[in-house]
Amino acid sequence: MKRKGDLPEKICPACQRPFSWRRKWAQCWEEVRYCSQRCRSMRQPKGDSAS
């Protein structure tokens with residue numbers, strides 16, 4: 001059994017906070033980018049530019 005501090009972490013691109021691996025992400029950890037649905041909905045659209 002791993003301790004909480006030993007779990008892999010990523011940085012959320014929306015809020016810039018670290019988030020840890022969760023059991024529900026075991027099969028898709030490589031694809032997980034955001035820490036929550038709120039951060040996912042706050043992401044910038046790809047085609048939106050400020051110029």
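This is a guided tour of a predicted model, going from the whole chain to single residues.

Residues carry numbers from 1 along each chain as its sequence is written. Because the model is predicted, local features need pLDDT of at least 70 and side-chain atom pairs count only at pLDDT 80 or more, while totals for chains, interfaces and linings use all residues, and side-chain values use heavy atoms, with hydrogens and water left out.

**The whole chain**

Begin with a cartoon view of the chain, which has 1 helix and 2 strands, where helices (H or I, at least four residues) and strands (E, at least two) are DSSP runs numbered from the N terminus. Read from the N terminus, the elements run β-β-α. Switching to a surface view, the accessible surface comes to about 4900 Å², of which 47% belongs to carbon and sulfur atoms; such areas come from the Shrake-Rupley method with a 1.4 Å probe, and for residues only the protein chains shown count as cover. Of the 51 residues in the chain, 18% are buried, where buried means under 20% relative accessible area, exposed over 50%, and partly exposed in between (1.4 Å probe, protein chains only). Among contacts (heavy atoms within 4.5 Å) with a separation of 6 or more, residues 24 or more positions apart account for 7%.

**The nonpolar core**

Next select Cys 12, Phe 19, Trp 25, Trp 29, Val 32, Tyr 34, Cys 35 and Cys 39, the 8 residues that make up the largest nonpolar core. A nonpolar core is a set of buried Ala, Val, Leu, Ile, Met, Phe, Trp, Tyr and Cys residues joined through side-chain atoms within 4.5 Å.

Within this selection, show the rings of Phe 19, Trp 25 and Trp 29, which ring pairs link into a cluster. Rings of Phe, Tyr and Trp (its six-membered ring) pair if their centres lie within 6.5 Å, with planes under 30 degrees apart counted as stacked, over 60 as edge-to-face and the rest as tilted. By this rule the chain has 3 aromatic pairs. One of them joins Phe 19 and Trp 25 edge-to-face, at 5.7 Å centre to centre and with 80° between the planes. Both partners are buried, Phe 19 with a relative accessible area of 6% and Trp 25 with one of 11%. If you then list the contacts of Trp 25, leaving out residues up to four places away in sequence, you will find Phe 19, Ser 20, Val 32, Tyr 34 and Cys 35.

Now add Lys 10 to the view, where its charged end sits over the ring of Trp 29, 4.5 Å from the ring centre; for this, NZ of Lys or CZ of Arg must be within 6 Å of the ring centre and within 35 degrees of the ring normal.

**Strand S2 and the loop before it**

Move to strand S2 (residues 18–20), where Pro 18 is found. Pro 18 counts as exposed at 53% relative accessibility, and, not counting residues up to four places away in sequence, Pro 18 touches Glu 9, Lys 10 and Ile 11. Ser 20, also found in strand S2, counts as partly exposed at 22% relative accessibility. With the same sequence neighbours left out, up to four places away, Ser 20 touches Pro 8, Glu 9, Trp 25 and Trp 29.

Then step back to Gln 16, in the loop between strand S1 (9–11) and S2. Most residues other than glycine have a negative phi. Phi of Gln 16, however, is near 60°, a positive value in a residue other than glycine, and Gln 16 counts as exposed at 54% relative accessibility.

**The cysteines**

Finish at Cys 35, in the loop between S2 and helix H1 (37–42). Cys 35 is buried, with a relative accessible area of 17%, and touches Cys 12, Cys 15, Phe 19, Arg 22 and Trp 25, not counting residues up to four places away in sequence. A distance drawn between the C-alpha atoms of Cys 35 and Ala 14, 21 residues apart along the chain, comes to 8.6 Å.

How many disulfides are there? With a disulfide taken as a pair of cysteine sulfur atoms within 2.5 Å, the count comes to 0. Select Cys 39, buried at 6% relative accessibility, to see one case: the closest cysteine sulfur to its own is that of Cys 35, at 3.6 Å, which is too far for a bond. Cys 28, by contrast with those buried residues, counts as partly exposed, at 28% relative accessibility.
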